[in-house]
Amino acid sequence: MIKRYWNIYLNNLIKSGIFFGHIINKCNKKMHPFIYAKHKGIHIINITLTIRFLTEACNLVFDAASNGNTFLLVGTSTRSSDLVKIIANKYRCHYVNKKWLRGILTNWSTTEKFLYKLRNFKSIKKKSIFNNLHGIKYMTKLPDIIILIDQKKDLNILKECFLLKITTICLIDTNCDPYITDFFIPSNNDAIYSIKFIILKLASYICEGRSLYNKI
């Protein structure tokens, strides 16, 4: 994987509030190497490490997209739901922004049948189960990489990815476990501006990598 530089500027990260972690008593001990300091009862994430890991993630998604890999963006919390939908649609990524239905990936043959109905039968689109699948309506195979915003809320997704050996990229706040995902970005995954900064950065380089693949 060629190392590239992705114009990730410190000032932009600071403005997004990306370095604010959780209150101290909610800290996962495995996050200690990524914490810079304590301030008014909360942990401060080491922003230089955020830049390092975000750069690595940008390299990963660019190379993967340039090789034709597919992506699934997942953010089901009320904070990230609308943002995930908007960014995914803009950059043509599959997404899940509502409830994650257990077995979407591990029971893929069943999921495929639901998606076929969703694409071909207009009368059933209003049913809740199909609304939850709307963001993957045109997904024809398992994704190669999943980008997950809220590890604590959507832990079941990581379990499915582990079983299927699907690569995962997670935003990891100070209350998370960085070592149950393949790639992680130490960051505030509660603040909308922090989430937006990271997801926009990753999605834009997916788009760039995909354009390179389409030229081949």
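In this predicted model, the buried residues of helix α4 are W108, T111, L115 and L118. Looking down the axis of α4, these buried residues fall within an arc of 70°, so they line one face of the helix. That fits a general rule: an α-helix has 3.6 residues a turn, so residues three or four places apart point the same way. Helix α4 itself covers residues 108-120, which makes 13 residues. From its first C-alpha to its last, α4 reaches 18 Å, close to the 18 Å expected at 1.5 Å a residue.

**The three-stranded sheet**

Now for a sheet. Three strands make up an open sheet in the order β1-β3-β2, and their pairing is antiparallel. The edges are β1 (20-23) and β2 (35-39), each of which pairs on one side only. On average, neighbouring strands of this sheet are turned by 30° against each other, direction ignored. As a rule, strands of a sheet pair through backbone hydrogen bonds, either parallel or antiparallel.

How many bridges join β2 to β3? There are four, and the β3 strand they reach spans residues 42-45. Within that pairing, I35 sits opposite I45 of β3, and A37 sits opposite I44 of β3. On the β1 side, two bridges hook β1 to β3, again with the strands running antiparallel. F20 has I44 as its bridge partner in β3. So I44 turns up twice, facing A37 and partnering F20.

The hairpin of β2 and β3 has two residues between the strands, and K40 takes a positive phi near 50° there.

**Positive phi in two loops**

Two more residues with positive phi sit in loops, and neither is a glycine. Here they are side by side:

| Residue | Phi | Loop | Relative accessible area |
|---|---|---|---|
| R92 | about 55° | between α3 (81-90) and β5 (94-96) | 57%, exposed |
| K165 | about 60° | between α6 (155-164) and β7 (167-172) | 78%, exposed |

Why does R92 count as exposed? Its relative accessible area is 57%, and the label applies over 50%. K165 gets the same label because its relative accessibility is 78%, again over the 50% cut-off.

**Aromatic rings**

Searching the whole structure turns up five aromatic pairs. One of them is F34 with F53, an edge-to-face pair at 5.8 Å centre to centre, with 80° between the planes. F34 lies in the loop between β1 and β2 while F53 belongs to helix α2 (residues 47-66), so the pair ties together parts that are 19 residues apart in sequence. Are F34 and F53 buried or exposed? Both are buried.

Y179 and F184 form an edge-to-face pair too, at 6.1 Å centre to centre and with 80° between the planes. F184 is buried as well, with a relative accessible area of 9%, because anything under 20% counts as buried. Ring pairs link F34, F53, Y179 and F184 into a cluster.

**I185 and its surroundings**

I185 sits in strand β8 (residues 183-186). I185 has a relative accessible area of 0%, so it is buried. What does I185 touch, leaving aside its neighbours within four places in sequence? Its contacts are T50, F53, L54, A57, I169, C170, L171, I172, I198 and L202. One of these, F53, is also a member of the ring cluster.

How far is I185 from A37? In sequence they are 148 residues apart, and in space 18 Å apart, C-alpha to C-alpha. A37 is the residue that stands opposite I44 in the sheet described above.

**S194 in helix α7**

Last stop: S194, which is found in helix α7 (residues 192-215). Its relative accessible area is 0%, so S194 is buried. Setting aside neighbours within four places in sequence, S194 is in contact with S16, G17, I18, S187 and N188.

Conventions
Residues are numbered from 1 along each chain as its sequence is written. This is a predicted model: local features need pLDDT of at least 70, side-chain atom pairs count only at pLDDT 80 or more; totals for chains, interfaces and linings use all residues. Side-chain values use heavy atoms; hydrogens and water are left out. Buried means under 20% relative accessible area, exposed over 50%, partly exposed in between (1.4 Å probe, protein chains only). Contact means heavy atoms within 4.5 Å. Two strands pair if DSSP finds at least two bridges between them. Axes are lines fitted to C-alpha atoms, for helices over the stretch in contact, and angles run from 0 to 180 degrees between N-to-C directions. The expected span of a helix is 1.5 Å times one less than its number of residues. The arc is that of the directions from the helix axis to the C-beta atoms. Rings of Phe, Tyr and Trp (its six-membered ring) pair if their centres lie within 6.5 Å; planes under 30 degrees apart count as stacked, over 60 as edge-to-face and the rest as tilted.
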